Amino acid sequence: MSSDCSRSLFFTVFVVGALVLGGSYYLEYSVGLTPCGLCLLQRVCLALLTGVCLMAAVQGPGRSGSFLYWLLGLLCSLAGTVTAWRQVLLQSDPVHHLATCAPGLADLFASAPWFSVLQQMFNGSLDCAQISWTLFDLSLPEWSLLYFVAMMILCICQLLRLVWSAVRRPLGGESSHRALAGD
């Protein structure tokens, strides 16, 4: 795959990510949905993925740079998938297992270390378990999970394509086929 085709794929992923990010801000500020801690973590993963793809589209990296960018995209997608999956599990869990009164995110960040805040976010609260909006009978975390899984599949396919092309054609420019003795 040429560098131009790789750039256009990175740009396409950037545009889709920007649209999804814009949709989440629309739902927060126009519709009035308040994001919980897990929603904010998913938004951070989405913003990181979108930023990585924008940098890759602007730079137009070669084979090794593309490998690095797709690997970073895979890590962002994996983090988003884990976060969205946790929220989907919380929404399907009975509500009585969750903390009824959890401190706000601002209070958590002011008083506790980062790891402790992440752990409390993944434990969940009633805010994370409430389904406040659906589209085609799927909640926002389920849509987020679908998006992140699709991005993971894309990143894995691109990484495998790059590895396959590296095996078939080495980086140094020499041919991977032996010259015939009679040539």
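In which kind of crossing does helix 3 pass helix 7? The crossing is left-handed, a term used if the near helix is turned anticlockwise from the far one by less than a right angle, whereas a clockwise turn is right-handed.

This is a predicted model, in which local features need pLDDT of at least 70 and side-chain atom pairs count only at pLDDT 80 or more, while totals for chains, interfaces and linings use all residues. Residues are numbered from 1 along each chain as its sequence is written, and side-chain values use heavy atoms, with hydrogens and water left out.

## The chain as a whole

The chain contains seven helices and two strands. Here helices (H or I, at least four residues) and strands (E, at least two) are DSSP runs, numbered from the N terminus. In sequence order the pattern is α-α-α-α-α-α-β-β-α.

The chain has 183 residues, and 34% of them count as buried. Buried means under 20% relative accessible area, exposed means over 50%, and partly exposed lies in between (1.4 Å probe, protein chains only). Contact means heavy atoms within 4.5 Å. Among contacts between residues at least 6 apart in sequence, 83% join residues at least 24 apart.

## How helices 2, 3 and 7 pack

The table gives the packing of three helix pairs. Axes are lines fitted to C-alpha atoms, for helices over the stretch in contact, and angles run from 0 to 180 degrees between N-to-C directions.

| Helix pair | Angle | Axis separation |
|---|---|---|
| Helix 2 and helix 3 | about 165 degrees | 9 Å |
| Helix 2 and helix 7 (residues 140-168) | about 30 degrees | 12 Å |
| Helix 3 and helix 7 | roughly 155 degrees | within 8 Å |

Angles under 35 degrees count as roughly parallel, over 145 as roughly antiparallel, 65 to 115 as roughly perpendicular and the rest as oblique. Helix 2 and helix 3, at about 165 degrees, are therefore roughly antiparallel. Their crossing is left-handed. Residues of helix 2 in this contact include Leu38, Cys39 and Leu41, and those of helix 3 include Tyr69, Leu72 and Gly73. Sorted by class, the contact of helix 2 with helix 3 has 15 nonpolar, seven polar and one charged residues. In this sorting, Ala, Val, Leu, Ile, Met, Phe, Trp, Tyr, Cys and Pro count as nonpolar, Asp, Glu, Lys and Arg as charged, and the others, Gly among them, as polar.

Helix 2 and helix 7 are roughly parallel to each other, and their crossing is left-handed. On the helix 2 side the contact involves Gln42, Cys45, Leu46 and Leu49, which meet Pro141, Ser144, Tyr147, Phe148 and Met151 of helix 7. This contact has seven nonpolar, two polar and no charged residues.

Helix 3 and helix 7 are roughly antiparallel to each other. The residues of their contact divide into 22 nonpolar, ten polar and two charged.

## Single residues in the helices

Thr81 is placed in helix 3 (residues 63-92). Why does Thr81 count as buried? Thr81 counts as buried because its relative accessibility is 12%. Apart from neighbours within four places in sequence, Thr81 is in contact with Leu145, Phe148, Val149 and Met152.

Val13 lies in helix 1 and is buried, with a relative accessible area of 6%. Leaving aside neighbours within four places in sequence, Val13 is in contact with Cys53, Trp70, Tyr147, Met151 and Leu154. Val13 and Gly73 are 60 residues apart along the chain, and their C-alpha atoms are separated by 10.0 Å.

Ser6 is also in helix 1, and its relative accessible area of 4% makes Ser6 buried. From C-alpha to C-alpha, Ser6 and Pro61 are 8.2 Å apart in space, with their positions 55 residues apart in sequence.

Ala166, in helix 7, is partly exposed at a relative accessible area of 32%. Its C-alpha atom is separated by 9.4 Å from that of Ser64, although the two are 102 residues apart along the chain.

## The salt bridge

Side chains of opposite charge can pair when their charged atoms come close. A salt bridge is a side-chain nitrogen of Lys or Arg within 4 Å of a carboxyl oxygen of Asp or Glu. How many salt bridges does a search of the whole structure find? The search finds one. Glu28 forms a salt bridge with Arg43, and the closest N and O atoms are 2.6 Å apart. The pair links distant parts of the chain, with Glu28 in helix 1 (residues 3-31) and Arg43 in helix 2 (residues 37-59), 15 residues apart. Glu28 and Arg43 are both buried.
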